[in-house]
Amino acid sequence: MRAGRNVIITGLGQSGTTLACHLLNKVHDTVALSEPMASARFEDLMPDTEAVCDGIGEFFERMRRMALRRGEVLTKHKGGLVPDNPKAMVDGVRQRVVEKGRIPVGKDLSEDFLLAIKDVTMFTLLLPTLSGRMPAYAIVRNPLSVVASTLSLPEPGLRTIEIYAPELAAQLKAAPDPISRQLARNDFFFGLYAEHLPPEHVIRYEDMVSSGGKTLSIIASSANLLEEPLKCRNLNPLYDRNDMLRIGERLLEREGAYWQFYTRESVEGLLAAM
């Protein structure tokens, strides 16, 4: 394993993890893959998380060989590129528009290029073990916008959580409604980032956008040259405003690990700006 040249990217769903991969692919000698692994491929190895992480390490090496020998990689993509957003409106419905397949690398690479692989749920739940194997980074976003964005899409299944965190899956199944499920899930995920990652390895979506991608230089130093014209989507008009009010009320009245990264004032500010 090439310490420091293989890196994990994870984060909350709907937080900008695909955007981070899109931006990193613009950087010299860097390849960033979006969810190239099926989470169930390691199901038979659980609960041996060390064996699962061995399998993830082997996958990294396979992708390195593929990139260098064939000039292609496996990733979720749209039209042969990792997009800045994997969702779009199709027939009036917001849905995911990416597919998994092989795409060309499209750049020259050194033997020791930086390879980043992104997975949201599986990598987050494996952080207690995975973060000791290779550098890991999480992309987070204002908890109000994360839940609002999630509710604008078909509700995600719990299969990956059932495999890697069955107790959390049981808790989410018992939640009375989708907002309760998302708040509990995000509380758990934020807690893992707080416990298992250095503070500088938790990258806020808002900072990534306002810097034009420069905050990703903590992952790939050449990202400091990025000057992308990005727009914050925390108040995306596709999010239901009534949902946002309900989410905001419930966020502000409860405790959660997300308050280690965001203030209640940041949520109140979004509500006031609606």
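Colleague: Where is the place of P47?
Modeller: Keep in mind that this is a predicted model. P47 follows M46 through a peptide bond that is cis, with omega near 10°. As for its place, P47 is in the loop between β2 and α2 (49-70).

Colleague: Which residue in the loop between β2 and α2 has a positive phi although it is not a glycine?
Modeller: Some background helps here: most residues other than glycine have a negative phi, and most peptide bonds are trans. In the loop between β2 and α2, the residue with a positive phi of about 50° is E35.

Colleague: Q14 has a positive phi too, of about 65°. Is Q14 buried or exposed?
Modeller: Q14 is not a glycine either, and its place is in the loop between β1 (6-11) and α1 (17-24). The cut-off for buried is under 20% relative accessible area. Q14 has 14%, so it counts as buried.

Colleague: On to the pockets. Which element gives the most to the lining of the second largest pocket?
Modeller: That pocket has a volume of about 250 Å³ and is lined by 15 residues. Two strands, β2 (30-34) and β6 (99-104), each supply at least two residues of the lining. With four residues, the one that gives the most is β2.

Colleague: And which residues lie nearest the centre of the second largest pocket?
Modeller: By class, the lining divides into nine nonpolar, four polar and two charged residues. Nearest the centre of this pocket lie N25, L81, V82, I103 and V105.

Colleague: How are α5 and α11 set relative to each other?
Modeller: Two packed helices are described by the angle between their axes and the distance between the axes. For α5 (residues 143-151) and α11 (residues 264-273), the axes come within 8 Å and cross at roughly 55°. That angle is neither under 35 degrees nor in the 65 to 115 range. The pair is therefore oblique.

Colleague: Which residues of α11 make the contact with α5?
Modeller: On the α5 side, the contact is made by P143, L144 and S145. Its make-up by class is five nonpolar, one polar and no charged residues. The α11 side consists of V267, L270 and L271.

Colleague: How far apart in space are E268 and L197?
Modeller: E268 sits in helix α11 and is partly exposed, with a relative accessible area of 40%. In sequence, E268 and L197 are 71 residues apart. C-alpha to C-alpha, the separation in space is 27 Å.

Colleague: What about S110 and D29, how far apart in space are they?
Modeller: S110 is found in the loop between β6 and β7 (114-118), and at 32% relative accessibility it counts as partly exposed. Not counting residues up to four places away in sequence, S110 touches D29 and L68. S110 and D29 are 81 residues apart in sequence, yet C-alpha to C-alpha they are separated by 6.6 Å.

Colleague: Last one: which residues is P178 in contact with, leaving aside its neighbours within four places in sequence?
Modeller: P178 belongs to helix α8 (residues 178-196) and is partly exposed, at 33% relative accessible area. Y258, 80 residues from P178 along the chain, has its C-alpha 18 Å from that of P178. With sequence neighbours within four places left aside, the contacts of P178 are L151 and E155.

Conventions: Residues are numbered from 1 along each chain as its sequence is written. This is a predicted model: local features need pLDDT of at least 70, side-chain atom pairs count only at pLDDT 80 or more; totals for chains, interfaces and linings use all residues. Side-chain values use heavy atoms; hydrogens and water are left out. On a 1 Å grid over the protein atoms alone, a cavity is a set of points where a 1.4 Å probe fits but cannot get out, and a pocket is an open set with protein on both sides within 12 Å along at least five of seven lines; lining residues have an atom within 4 Å of a point. Grid points are joined across faces, edges and corners, and a volume is the space filled by probe spheres set on the points. Ala, Val, Leu, Ile, Met, Phe, Trp, Tyr, Cys and Pro count as nonpolar, Asp, Glu, Lys and Arg as charged, and the others, Gly among them, as polar. Axes are lines fitted to C-alpha atoms, for helices over the stretch in contact, and angles run from 0 to 180 degrees between N-to-C directions. Angles under 35 degrees count as roughly parallel, over 145 as roughly antiparallel, 65 to 115 as roughly perpendicular and the rest as oblique. Contact means heavy atoms within 4.5 Å. Buried means under 20% relative accessible area, exposed over 50%, partly exposed in between (1.4 Å probe, protein chains only).
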